[in-house]
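Here are some exercises to work through with the coordinates open beside you. Try each task before you read its solution.

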Amino acid sequence: MRVLALLLLLAACTPDFAAPSDVTDLRVLAVQAEPPEARFDPDAGVAEPVKVDVLAVDPSRDAGPQSIQLQICGPTDSRRCDEGPVIDAGTVPLSFTLPSVDATALLANDDLAGFGGIRVQLSFTVDDGSPKGPVHGDKVIIYSSALPPCPPDAGIAPSRNRNPALTGVLLTVAGQDAGAFAPDASLTVGTEYGLRPVLADGGEEDYCTVDLRGEVLQLREQAHYAFFTAPGGEFDSDTADEPLDGGAPPDGLTRFTPHADAGTIWIVVRDGRGGESWLERSWTASPDAGVSPTRRSSGRGGRARPGPR
Amino acid sequence: MILALLIAAQLTKLPQLVDAPPAVYPPDRLARGETADVACMVDIDEHGSVTAVAVEKPGAPDFDAAAVDAIRRFRFTPAEMDGQPAAVRIRYVYHFVIQQQRAPAARQDTAKIHGEVVEAGNRRPVAGAEVVDDTGAQASADAHGKYALETVPGPRKLTISAPGFESRTVDATAVDDGDVAAPRAWLHRTSVGDLQATVPGEKPHDAPTRRTLTHDELVNVPGSLNDPIRAVQNLPGLARSPFLGGQLLVRGSPPQDTGTYLDGHRIPQLYHFLGGPSVINEQLLDRIDFYPGGYGAIYGRNLTGAIDVSTRKGDSQALHGQASLDMIEAVGALEGPVGSDTQFAVAARRSHIDVFLPLFIPNDPNQGVTSIVPIYWDYQARVDHKLGNGDDLGLLFFGSDDKLTVVQEGGRRTLPLSVNSHLAFHRIVGEYKHTFSDEVSLSISPALGWTLQNAATQGAGPGGFANPQSVDVTILTGELRAETRWRAASYLEWRGGADIELDRASYTADIQSSLQLRNLGIPITQRVQLARVQPVQQWGEYLEAQLTLGRLSLTPGLRLDQYHWRDHARWSVDPRLWARYGLSDRTALKAYVGLYHQPPSGQQIDNDIGNPDLGLSWAVQTGVGVEQRFSDVWSVSAEIFYNRRGGLISVVDPVLRSDGTIFNPRFQNVGIGHAYGLELLIRREITSKLYGWLAYTLSRSQALPRPDDAWRAFQFDQPHILTLVMGYRPKPQWDLSTRFRFVSGNPYAPVDFATFDADSGNFVPTRGEVGDAREPTFLQLDVRAQHTWTWDYWQLSLYLDVQNVTNHTNEEFHVYDYRFQDQGSVQGLPILPTFGVKGKF
């Protein structure tokens, strides 16, 4: 109790660091593997191909070539591969099919012998020549041969994980519905907009798994959102969870305020077990009041990055 | 002379003057009618004989010589330390008073004057005060401050004096064959600490290293927030806890490895939260015994140290009280006799910091609005009664309550957060002491307790942990301490006893529990609602012998403990031995070795969040030391210790069994650690006006949580801890003190690089080991000034305590931004003044 209280006082005395939602240089915001859980045939030693998309942005520079290098290995504490060949996966767009994976070898090196699936760590480095240097990241892809059973009274069948999808973003102003945040929306400078991401149907899956005690469980995913903005806008919350009841407060899950005349935001959704996707929205803003945030034919676009929908 | 900080012994009886042949008045001075007061420092041996006299405040050379010559022929009853006759030094003022010569009266008329001598401000009797009238008749005040003077009828002028007090004159008219009452004489102190009575207390339990503090002179150590129990943190062997924290970090071990006791019974916490004061009012405090390690078999179930706070009986002679008020709290206390055989003492405290705290909490749009409302209070009530057969009976009620409400809303980077936290405990402790004979005594102390702990949070954690959660724990406790002492021979004393604690913890929880999954990304939680009862029984028995063989004292001991929780049972056998050898009257050597065990906590053995199969942690403690008294004002104590620990409880990863199933115990007893160092305590008391000590600790503490890990420093491993405390009393009304601390910065594990984990969306740092880097050295100077006004019936004190008076910037913790590129530090406390007022009667 004392530690918590002191930590809260610390929060008031900590240095003023930049917020994770403010994107000012090269950042990797999300990595999607399709599928996030791939099939693996242990007898044939063949794994299903996995397509990987990387959301890498850099508002500080003009759209320049971004290159990505990969290494594939079993999971490490540092999240970087200590051994294995470095694969040059190309440049923009950062979308590629994962090279064939020796899942059999990785299974042999797994302390838990593939319990819950064989874990393959994809360590990557994205570089666009930024003076701050490249960004290192990792993504774990799961290869499963057999599906975990479901409890007898579960109303679902065993299935592999799928990526959640976002269909759009809803806006509110002062708690009142303000329509959808369409691409190239027109906003009002200085107005605080409540944002509510909309998850596609089936975005929060019911699934079955086995825990470390050997118990078969039926669980439900809970979507977790992360919000990002290029310079010119500001979020008051960096992250939010999908409400358990599917509802949302009148002022959305986060509040966004444009301060410039144009910008871009990204919203990433994760399901907590490796599935993720994102949505990108460019916007323009003017000091005039009462402008609709829906699509206008003469909108100025931001730096659009193709990404999965 | 009473030492403010005793290394080993405690004064339990003052010397009393029984024979005082008068001095020869210097004839020249007598002829001129000159008087003088000569203050001397007098050494009295263990037989009551004066062995040395030194003039401290001279009158004149001839007066001085006459006084020294007379005092050398004085005889006293011996003083006692820990109940044994001992040599002491006192301050004695010899008054040269002119007697009026009278012609012999025709008849020997006698008259009596009786009166009372008390100390101004608190009405305590001044035992041994000297009463001399203008005819030369003399009397001494008894232990109650009362005197009866036989003198010649007529108006008399009585001069009343006592060492350490200003003389006072009262007028009374003696009547022939009568007994008149003189006005009460109120004496004001001229210096504090001379012959200051320490209430004789129970002889503390012996140990090779026991650092005892009595509260009278240590309540004024700066930075202690007017709390003598905090003064313990200025002793060697204790690391500095951050901010105003009261964590006891003894010899490189975490707070849970040191037991805190009140009158021998374990209490959940010693300090209120948020750097608050101790849970015991300083007025009820008799002494604090701090055992950093190597103690005997009476204390068990701790890996490292023990602190036992002893309360005292109420005043047996008169009603006294005290009230104080400062920016943080209001405190009151009352004590006194009820009849001739019963005493009581009560005290209570309540904080009001919640009124002032909002002034110090920043609120800005970026960080959000924060409201923190801490409220704490505590109480103690003690009743003591002496039975007709001489047995002592006592009853102590005490309790403490801490409540904290934190609400944080809005802000760019903060999730809405609310925390409600409550910790309360109440105890009833009985005490019975019976003396069978000079050789055999028995003490029994049962206790009943009730502890409540609940917390309700929302937003306090990532992902699922941000959902509303609550936990309520209620623990009923029954304890029994019993001890028998038997002096079998002049060289042998046996001590045997029991230390039993039976707990019944019932808790209900509505929490987000992390599922035991092989996770990817953030932990997946599930709402868990449970109601559970967990009984824990801890039985301890011990036997100890103290052998005195000339200059050598040997104390072997054995402690047995049995632990039961649900269907698990554990036991431990702890042999311990310590020895003390007096090389001379001024030099003593000591050494100790012992085995200590500690059980896991209730949370660690829980079925759902812990591992009920956990075993005991153990520690072997060893040490050697020397105590040297260079003079009556200089003393040095040095000790080298080495502690080896094993069976420490660490978080472990799941492993694959040979049959293909997964074993996930969460915790296991696989950690080991060691701590070693040197503790130095140098103390000098120049005069009663000046006191102080220097404590220095040089130590290292490291741990190896799991066999595959690398050794890392303990979180609060501070190789150098230097504390200098000095106090100065230019006059009894003024108390000025200062404290200087120089402490190594806390270690931390520096970040080598960080990697973006796409599954969680967080950056994962790769760090070195704790200890590869350190915060800058901690430096702080605190000062305190207190002024006391004394009237006849009461006193008023005003104090100002300024912590970090130079506003030095200290760095407490190292922090990084979200991607571990930018780094910074959390600053320690800035200059922090507090002031308060206290009244006593």
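**Exercise 1. The two sides of the contact**

Task: Find how many residues each chain gives to the contact between chain B and chain A, and how much area the two chains bury between them.

Solution. Please keep in mind that this is a predicted model.

Step 1: Collect the residues that touch across the chains; chain B gives 63 residues and chain A gives 67 residues.

Step 2: Turn to the area, where about 5,600 Å² is buried between chain B and chain A. Carbon and sulfur atoms hold 60% of that buried area.

Step 3: Count the pairs across the interface. The rule finds three salt bridges, and there are 12 residue pairs in polar contact, with both residues at pLDDT 80 or more.

Step 4: Ask which elements supply the side of chain B that touches chain A. Those giving two or more residues include β27 (392–409), β28 (417–435), β46 (751–757), β47 (762–767), β51 (811–816) and β52 (823–827) of chain B.

Step 5: Sort the residues on this side of chain B by type: 32 are nonpolar, 23 are polar and eight are charged.

**Exercise 2. An arginine at the interface**

Task: Describe where B:Arg819 is found, and list what B:Arg819 touches.

Solution.

Step 1: Locate the residue; B:Arg819 sits in the loop between β51 and β52 of chain B.

Step 2: Check its accessibility. B:Arg819 has a relative accessible area of 12%, and because the cut-off for buried is under 20%, B:Arg819 counts as buried.

Step 3: List its neighbors, leaving out residues up to four places away in sequence. From chain A, B:Arg819 touches A:Asp25, A:Leu26 and A:Arg27, and from chain B it touches B:Ala754 and B:Phe763.

Step 4: Look for a charged partner. A:Asp25 forms a salt bridge with B:Arg819, with 3.0 Å between the closest N and O atoms. The side chains of B:Arg819 and A:Asp25 are also joined by a polar contact of 3.0 Å.

**Exercise 3. Salt bridges, buried and partly exposed**

Task: For the pairs B:Asp759 with A:Lys139, B:Asp574 with B:Arg576 and A:Glu48 with A:Arg39, decide whether each residue is buried or partly exposed.

Solution. A general reminder first: side chains of opposite charge can pair when their charged atoms come close.

Step 1: Start with B:Asp759 and A:Lys139, whose closest N and O atoms are 2.7 Å apart. B:Asp759 lies in the loop between β46 and β47 of chain B and A:Lys139 in strand β9 (residues 135–144) of chain A, so this pair joins two chains. B:Asp759 is buried at 4% relative accessibility, and A:Lys139 is buried with a relative accessible area of 1%.

Step 2: Move to B:Asp574 and B:Arg576, a salt bridge with its closest N and O atoms 3.1 Å apart. B:Asp574 is buried at 0% relative accessibility, and B:Arg576 is buried at 6%. As for networks, salt bridges that share partners join B:Arg251, B:Arg580, B:Lys590, B:Glu627, B:Glu639 and B:Glu679 into one.

Step 3: Finish with A:Glu48 and A:Arg39, where the closest N and O atoms are 3.9 Å apart. A:Glu48 is partly exposed with a relative accessible area of 23%, and A:Arg39 is partly exposed with 48%.

Step 4: For context, the count by this rule comes to 59 salt bridges over all chains.

**Exercise 4. Chain A as a whole**

Task: Give the secondary structure of chain A, its share of buried residues and its share of long-separation contacts.

Solution.

Step 1: Chain A has two helices and 21 strands.

Step 2: Of its 309 residues, 51% are buried. The accessible surface of chain A comes to about 13,500 Å², and carbon and sulfur atoms account for 51% of that surface.

Step 3: Among contacts in chain A with a separation of 6 or more, 67% link residues 24 or more positions apart.

Step 4: Take A:Arg162 as a case, in the loop between β9 and β10 (166–173) of chain A. Not counting residues up to four places away in sequence, A:Arg162 touches A:Pro36, A:Glu205 and A:Asp271.

**Exercise 5. A helix and its cover**

Task: Which residues of helix α2 (residues 61–71) of chain B are buried, and what covers them?

Solution.

Step 1: The buried residues of α2 in chain B include B:Phe63, B:Asp64, B:Ala66, B:Ala67, B:Val68, B:Ala70 and B:Ile71.

Step 2: Their cover includes α1 (27–32), β4 (36–44), β5 (50–57) and β9 (88–96) of chain B.

Notes: Residues numbered from 1 in each chain as written. Chains lettered and ligands numbered in written order. Predicted model: local features only at pLDDT ≥ 70, side-chain atom pairs only at ≥ 80, totals over all residues. Heavy atoms only, no water. Helix = DSSP H or I, 4+ residues; strand = E, 2+ residues; numbered from the N terminus. Buried < 20%, exposed > 50% of the residue type's maximum accessible area, 1.4 Å probe, protein only. Contact = heavy atoms within 4.5 Å. Areas by Shrake-Rupley, 256 points an atom, 1.4 Å probe, with all protein chains shown as cover. Buried area = accessible area lost by both parts, 1.4 Å probe. Salt bridge = Lys/Arg side-chain N within 4 Å of Asp/Glu carboxyl O. Polar contact = N/O pair within 3.5 Å; in protein donor to acceptor, adjacent residues only side chain to side chain. Nonpolar A, V, L, I, M, F, W, Y, C, P; charged D, E, K, R; others polar.
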